[in-house]
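Please explain how this structure is put together, starting from its strands and ending with its cysteines.

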Amino acid sequence: MPGVPPTRFVFLGPEGTFSEQALKTVPAADRGVLTAARSVPECLDAVRGGDADAALVPLENSIGGQVGVTLDELANGEPLLITREVVLPVQFVLAARDARPLDGIRTVAAHPQAGIQCREWLRTHTPGAAVVDVLSNATAAIGAAEGEFDAAICARIGAERYRLHVLAKDIADNPDAMTRFALVSRPGPPPPPTGDDLTTLAVYISHDRVGALLAVLTELSVRGINMTRIESRPTGERLGRYVFFLDCGGHVADLQMGEALQALRRICADVRFLGSYPRADVHAEPPPRPAPGLSDADFADAAAWLRRIRGGETG
């Protein structure tokens with residue numbers, strides 16, 4: 001039902017991952033039932049099938065870039081809507097079953113992305129250790145807890161969940177790394193505008209039309225809509241066919257965003273609206289102020305002026 005907060009949440013598991021840590025920052029999750037899923041498709045299918053009210057899945061990482069499987073799943077299948085974004089600092093710890101000197105560690109379990117992000121730290125502090133790739137940060141923690149590996153690179157929540165001793169904190173080579181997650185629900189009215197929102201779209205351009213992507217960008221630009229992200233993913237049809245994912249500053253309830261969406265609907269092969277939702281408050285910069293003539297009030301005034309002319313007034 002519209003307006004009813006979700007109570008059943010699913011997240012990319014297993015338990016003890018950054019996804020679970022991010023989900024626990026969502027206020028409604030404190031009072032809800034949290035279930036781990038094995039993959040992003042499994043998360044989203046649980047929402048589509050009614051087994052969960054909302055799913056938290058990763059969208060992008062500031063080091064590794066887009067999470068392709070999430071974008072593919074949102075672009076295909078039954079429609080889903082992003083209702084919230086969560087941006088989480090990626091703070092890795094090195095953990096083991098007990099306290100031990102770093103130079104005595106011989107094996108470190110790590111998800112491949114975690115190993116890459118901590119490579120220089122490991123080279124400096126555990127020069128004799130072999131890094132073993134595992135499926136997730138939580139899997140690494142489980143392996144260390146069971147004694148399969150000397151230590152694990154994992155999230156703080158994973159070390160706590162599996163009762164590991166933290167040997168070192170904040171071991172990532174880039175201390176400012178972040179991962180962006182999306183809370184996804186079945187279609188319904190988007191959250192109300194806050195004045196600092198994002199709208200996410202999946203846009204299929206007309207590939208037989210010269211300048212089709214430029215036309216999309218122009219429709220946004222002329223209305224003063226700031227595009228904060230663009231990513232392309234292959235559609236799977238054949239080489240050279242792509243769907244473009246756009247994050248744009250603004251809300252579907254804004255007049256200029258509404259005009260832009262109508263224009264994209266006219267000129268694109270297809271447009272999938274993936275949601276309008278509040279920006280997370282960890283973004284480095286506030287949204288830019290609209291240029292003169294491009295605020296919501298300016299669009300409303302222009303629409304009222306046109307209605308007066310059409311009604312026989314002189315304007």
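The paragraphs below go through a strand pairing, a buried glutamate, an aromatic pair and the cysteines. The model is predicted.

A convenient place to begin is strand 11, which covers residues 178–185. Of its 8 residues, 7 are buried, so strand 11 is largely enclosed by the rest of the structure. Strand 3 (residues 54–61) runs antiparallel to strand 11, and 7 bridges join the two. In this pairing P58 stands opposite F181 of strand 11. Strand 5 also runs antiparallel to strand 11, joined to it by 8 bridges. Here V87 is the residue opposite R180 of strand 11. Strand 11 thus has pairings with both strand 3 and strand 5. In a regular strand, side chains alternate between the two faces of the sheet.

Strand 5 spans residues 81–89 and includes E85. Is E85 buried or exposed? With a relative accessible area of 5%, E85 is buried, because the cut-off for that label is under 20%. What does the side chain of E85 contact? One partner is the side chain of R180, joined to that of E85 by a polar contact of 2.6 Å. R180 is also the residue that V87 stands opposite in strand 11. The backbone nitrogen of A280 is another neighbour, lying 2.6 Å from a polar atom of the E85 side chain.

Next come the aromatic rings. The structure holds 1 aromatic pair, formed by F18 and F92. A pair of this kind is described by the distance of the ring centres and the angle of the planes. For F18 and F92 the centres are 5.3 Å apart and the planes stand at 85°, an edge-to-face arrangement. F18 belongs to helix 1 (residues 18–23) and F92 to strand 6 (residues 92–96), so the pair ties together parts that are 74 residues apart in sequence. Both partners are buried: F18 has a relative accessible area of 9%, and F92 has one of 3%.

The cysteines are the last topic. How many disulfides does the structure hold? The count is 0. For C154, the nearest cysteine sulfur is that of C118, 10 Å away. C154 counts as buried, at 0% relative accessibility. Why is C268 without a bond to C248? The sulfur of C248 is the closest cysteine sulfur to that of C268, but the 11 Å between them is too far for a bond, since a disulfide needs the two sulfur atoms within 2.5 Å. C268 also counts as buried, at 9% relative accessibility.

How values were computed: Residues numbered from 1 in each chain as written. Predicted model: local features only at pLDDT ≥ 70, side-chain atom pairs only at ≥ 80, totals over all residues. Heavy atoms only, no water. Buried < 20%, exposed > 50% of the residue type's maximum accessible area, 1.4 Å probe, protein only. Phe/Tyr/Trp six-rings, centres within 6.5 Å; stacked < 30°, edge-to-face > 60°. Helix = DSSP H or I, 4+ residues; strand = E, 2+ residues; numbered from the N terminus. Polar contact = N/O pair within 3.5 Å; in protein donor to acceptor, adjacent residues only side chain to side chain. Pairing = 2+ DSSP bridges.
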